[in-house]
Amino acid sequence: MTLLRNILMRLLSTAITLFGVAVIIFVVIRVVPGNPIAMMLPPGATEADIARLQAQYGFDKSIFEQFMIWLRGVVQGDFGTSISLRQPVSSLVLNRLPATLELSIVALLIAVVIGGTMALTGTRWRNTRKEGAIDVSTGMALSIPDFLWGLVLILLFGVLWPVFHISGRISPALDIDFTTNFYLFEALLRLRFDVLGDLIGHMFMPALALAIPLSAIIAQLLKQSLKETMHLDYVTLSRTHGYGEHHVITRDALPNAILPTLTLVGVQFTFLIGGTVIIERLFSYEGLGNMAIDAVINRDLPLIQGIVILFALIFTLVNLAVDMLYVVLNPRLRHA
Amino acid sequence: MNAFLEIRNLCVTLKGGAPILRNVSLSVSAGQVHGLVGESGAGKSMIGKAVLGTLPRALAVTRGEIWLDGVDLQTLRPAERRRRIGASAALIPQDPLTALNPARRIGPQITRRLVDILGWSRADAEARALELLAEVQIPDPARVMRSYPHELSGGMRQRILIAAAFAAEPKLIIADEPTTALDVTVQKQILRLIADMQTRHGTALLFVTHDLGVVSKVCDTLSVLYAGKVVEEAQMRRFFMHPIHPYSAALLAATPSYKDPEGSLTPVPQSVIDQVEREVTDHDRRAGL
Amino acid sequence: MRDARGDVKRPIGLRLWLSGGWLILLVLAALLAPWIAPQDPLAQDLFTSRLPPFWEAGAEPGYWLGSDSLGRDVLSRIIHGARLALIVALVAGTLTCVIGTALGLIAGYYRGWPDRIISRFVDIWMAFPPVLFAILLIAVLGTGLTSIIIAIVVIDWTRFARVIRAEAMTQGAMDYVASAQVAGRKRMGTMLTEILPNVLPTIIALLTLEMGIAVIVEAILSFVNLSISTDSPTWGGMISEGRTSVHQAWWVLVFPLITLFLTVLSFSQLGEGLKDRFDPVLR
């Protein structure tokens, strides 16, 4: 009963947030000076042509009316038509979404692996100089944002020791006839290792740049949590059973130390997804973020709206998923 | 050597100097209960931790021998040492609320060591766990095996921990203030349970407590600690009739008697404290600390 | 005991010195830019284009860190770029801090409907990808210093509001606040005299962190060509140019990148160091 109520409240709150995002984005971009329609037409276009197109895109109506029309469309799954690309926003956005999702998920995996390893090693080395070294390096990794890491990686693995591609998502010469735009997952499923290698060669640097700050956060939070857990009696008890340090850390302390870390990592993951915007630009990776910056530069209002709403939806869904995962992983809540 | 656990001249110090245990010697034989009594901070828990190899990282054994089942643990390599302790000793911890892993079901927490360390089959281990849970008078053991710790009361959890301690038939059990964290009403039952289990299994039991009243009920012999030093080691009966060391006598006078719980209590007099402090300082000087 | 403390203390001191030293160097460079820069940062000269830094073959004296494709001196542009970076850091950082802290304090201490409104806005803001939001704002406001500062304040006030709200709630629940209330103090007064000093260490750490972030946001905006006019030298603009010519002239990317890296690192380390110094509990 209360659980159901909680879920309903959560969904309502999510809906209000998304509505707020829509209102703000709508108001902000309609203050844009300059006429987006005029940019679409050849230089010789007449006033009448402009007026006709404006009417077609609804720009001759008041902001409130435009918002209501847009909202009505959104409810029916219609996000309007892109001005610069002249295609439905929904299909444009859905075409690019897989690239960004793959990048974010790979970055998250890298962050979990690096951060988790550092937390476990740091716990193993707790109260020694080696732990201090880990703290200093995570502190540094944390204070430098993904944009700068991206540039550092370009210099390291693109110029100094050029082993990875520094731009794009996939080599154009590569012959792919995939049915979805989830190239990475489809390459995995179809066992197309040539494609897989090429994709990873392109994705490695942007994903690592996104992952470094998050891995530092995971390392710090998880190590803190692990060290607190290591003092608990059940860990001591497990030691007296004859288990070694490694087993005690990974099997006894870890399952309980993960929970407090999880919620915070969820929020940080949304920051990571937000970071894809500039990282995709930096690596000319054909994802949503790159498209979004082009849309802003081209004053493509319907496309900007669509992309921002999609990002907002992803962020709120991630938060929802993390909360649910928390309940699933926590036996105290699972049985309540 | 017929003592199952024998500690000789054990010294534990804080890394960087301060002594925590000063030349502690004691022994416990099979079927015997030895009490370790002292005020909080006297180092009584540290003896158990030193034996089990769970001293805090800031502490280290600097001298002495710990003979467990005929082997000096201090001479073993860490992995071998852990295996030996795991196979022949067990701990009943103080706080049943934090001594069970909240993320795991009860069953695996009892059977895990039997399977992993002692190489039992899973079925054997589970049968053994059920049998033990019944032995510590837990109703519906099969259901409890599937429960999570948070679903059980403190008393239930302490019973489970006792069952888990006896699961591998260890020859030595160290009980570290096993009733302190429990409700007064439950304390007595748990105490009786530990004593019964010990008698039935013939285990050597090292019983750490600050409560002389508890010692008088379960122990055969005892050591009194002050500032990490054993001030008196004695047979139970003799101790309660004629405590030799003035500190022991003072401690006894400061303990409510189980015959006369309302009787008047005397705090440990300052002169006695001064005397033990002097002894401790003398010891340190002789040891060159 | 002394050993353990010494181990903890020493890096903090070193951290403060190194980061503070670098930032003072930057401030000096920014103030004295016209006098210490070896070249005019805007002077283009195709005869001196893509000169390598001084230790490589083909370097020209006076172009210590080399020159870009238009023959502009990299070192001089970095020195002049420090001006814009520091102005953005100080002004945008401080404004963000003041606005975010005020809203966070009000939400965390007054609770009730002010909290509900502010928290709702924070939720909405958290659902925006910040970089995209900043780029969008610049597109709307037009390029220029004021626009950059406004954009930074608008996207980042939530960082302060969130943290300060949580801290104010914790502090507000403590007994000393209740006793100040009982003693008949006004709520506004209590907030400023009892709560604010206790959240000050956090504010200081967040403020210096925010200054570093402001520098980065400016660099990102320059990178997508949306900062201030393309003539004036900015680190982000240099990085943007260096990125495209990285295979021909790596130094155009490397030196501004190192500068930016050290600056951002210094701001955050300074914040951590100061926080430890000011924290009454840790001190």
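Start in chain B and select β6(B) together with β7(B), residues 172-176; these two strands pair in the parallel sense over four bridges. Strands here are DSSP runs of E with at least two residues, helices are runs of H or I with at least four residues, and both are numbered from the N terminus. Two strands pair if DSSP finds at least two bridges between them. Show L91(B) next: opposite this residue stands I174(B) in β7(B).

This is a predicted model, in which local features need pLDDT of at least 70 and side-chain atom pairs count only at pLDDT 80 or more, while totals for chains, interfaces and linings use all residues. Residues are numbered from 1 along each chain as its sequence is written, and chains are lettered from A and ligands numbered from 1 in the order in which they are written.

Now widen the selection to the whole sheet in chain B. Six strands, in the order β6-β7-β8-β3-β9-β10, make an open sheet with mixed pairing. At its edges are β6 (89-92) and β10 (229-235) of chain B; each has a single partner strand, so one side of each is left without a neighbour in the sheet. On average, neighbouring strands of this sheet are turned by 15° against each other, direction ignored.

Add helix α10 of chain B, residues 246-253. This helix packs on the sheet and touches β9 (221-226) and β10 of chain B, and its direction makes about 100° with that of β9(B). Axes are lines fitted to C-alpha atoms, for helices over the stretch in contact, and angles run from 0 to 180 degrees between N-to-C directions. Contact between two residues means that their C-beta atoms, placed from the backbone, lie within 7 Å.

Move to the boundary between the chains. Here 17 residues of chain A are in contact with 25 residues of chain B. On the side of chain A, α10 (233-240), α11 (245-282) and α14 (331-334) each give two or more residues. The most come from α10(A), with six residues.

Finish inside chain A by colouring its domains, whose bounds come from an automatic or database domain assignment. That assignment gives domain 1 (2-75) and domain 2 (95-334). Their centres, taken over C-alpha atoms, are separated by 33 Å. Domain 1 of chain A puts 13 residues into the contact and domain 2 of chain A puts in 11 residues. On the domain 1 side, α1 (2-29) and α2 (36-40) of chain A each supply at least two residues; the largest share, nine residues, comes from α1(A).
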